[in-house]
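Trainee: I'd like to practise reading helices and backbone angles. Can you walk me through a case?

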Amino acid sequence: MMMEVGLVELLRTGWIAGTLPILIACLPFSWLNSFHDLVLAFAKRGKIMQSSSKRFTVPQKFFCHFYVLAVVWTTLLLVTTWTYAYRMVPLNADPFLYPAFANHFTGGSHIISWRKSPSIPVGYRYSVWRSVLLLLLMEVQVVRRLIETSYVFKYSSTARMHIIGYLTGLFFYTAVPLSLCCNIFPEVYNFSVNGVAEFIVKGNKNTLQDLDFDVFEFNSSLLKLGWFQWIGAAVFFWGWNHQQRCHDILGSLREDSEQSDEYVIPHGDWFKFVSSPHYLAEIVIYAGLVVASGWADLTIWLLFGFVVSNLVLAAAETHRWYLQKFKSYPRNRHAIIPFLY
């Protein structure tokens, strides 16, 4: 319990600490201009960062590091959480039969065993499977982003980003998957540690037999989740689809990564309405995760607040750059929120 509280509070503090400077920088007070410029300097990258400014910067192509980390970390959390959910809290199992852990290795006890025991609360079982769904959605997102950074985007050799922005990205893709399952992470962690211990004690033959999966049973548990989860998944894939389209459009604008100074106005899909539709789609994606979580998880709400504040700040600067760069830039486009901002 102390581990759970400590992790949840740490993540919430991290999201608040990341969001507050952005919100303060956006306040309309002249005496905050220098602070606004400082925050913006950390957030700038690519075309909106002066190519001559290389102090404390790294190549923008280091973006791929974010998604390599995200894929590895999300996959690890997904596999362990999925296994825990399947073995310990299946939604279609007899509520009086479930696997339990022994806390010691003496007396011939098993690390994982099936026995009669009071039922696990239904609410807890559903929270575990909601975490499985959220991690599945996150896996779909980060795998696609890794493919895009490798094959779709052609980063200019001169494109840079600030080292603070780079470190923030590493934090983000470490903390996001963990935020999606932080409420059950202590149980998943203990399950995994005990599973490894059992593997060492019993050997791989018996352990692998215990871990056989029934694909139908796994899917049927997911299908028993509520309407919020499936509405959230639909919102997620709506944003996911549009972000993929917008990234394809942006990737097609630069045929050669050495064309560092050649920019054109993007058109198509949500570019009709806003200058940064890929950022708008990202907000929709994380809004889908909020809905799929059941609306009540404060950690995921704080994560969403960080995503919105960060992308709105970046989109405003991108919109300003487009207006300064192109005299013929469409004046009916807004920065990130259609018809509003």
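Trainee: How many residues does α10 have, and how far does it reach from its first C-alpha to its last?

Mentor: Keep in mind that this is a predicted model. Helix α10 has 16 residues and reaches 22 Å, close to the 22 Å expected at 1.5 Å a residue.

Trainee: Is α10 largely enclosed or open to the outside?

Mentor: Count the buried residues, meaning those under 20% relative accessible area. In α10 that's 15 of the 16, so the rest of the structure largely encloses this helix.

Trainee: At what angle do α4 and α10 pack?

Mentor: About 165°, with the axes of α4 (residues 122–151) and α10 (residues 277–292) 10 Å apart. Because angles over 145 degrees count as roughly antiparallel, that's the label for α4 against α10. Their crossing is right-handed.

Trainee: Which residues meet there?

Mentor: From α4 you have Arg130, Leu134, Leu137, Met138 and Gln141; from α10, Glu282, Ile285, Tyr286, Leu289 and Ala292. Sorted by class, the contact has 7 nonpolar, 1 polar and 2 charged residues.

Trainee: What about phi just after α10?

Mentor: Most residues other than glycine have a negative phi. Gly294, just after α10, takes a positive one of about 95°. Trp295 isn't a glycine, yet its phi is positive too, about 75°. Trp295 sits in the loop between α10 and α11 (298–325), and its 40% relative accessibility makes it partly exposed.

Trainee: And where does Phe339 lie?

Mentor: In the segment after α11. Phe339 has a positive phi near 70°, and at 64% relative accessibility it counts as exposed.

How values were computed. Residues are numbered from 1 along each chain as its sequence is written. This is a predicted model: local features need pLDDT of at least 70, side-chain atom pairs count only at pLDDT 80 or more; totals for chains, interfaces and linings use all residues. Side-chain values use heavy atoms; hydrogens and water are left out. Axes are lines fitted to C-alpha atoms, for helices over the stretch in contact, and angles run from 0 to 180 degrees between N-to-C directions. Helices (H or I, at least four residues) and strands (E, at least two) are DSSP runs, numbered from the N terminus. Angles under 35 degrees count as roughly parallel, over 145 as roughly antiparallel, 65 to 115 as roughly perpendicular and the rest as oblique. A crossing is left-handed if the near helix is turned anticlockwise from the far one by less than a right angle, and right-handed if clockwise. Contact means heavy atoms within 4.5 Å. Ala, Val, Leu, Ile, Met, Phe, Trp, Tyr, Cys and Pro count as nonpolar, Asp, Glu, Lys and Arg as charged, and the others, Gly among them, as polar. The expected span of a helix is 1.5 Å times one less than its number of residues. Buried means under 20% relative accessible area, exposed over 50%, partly exposed in between (1.4 Å probe, protein chains only).
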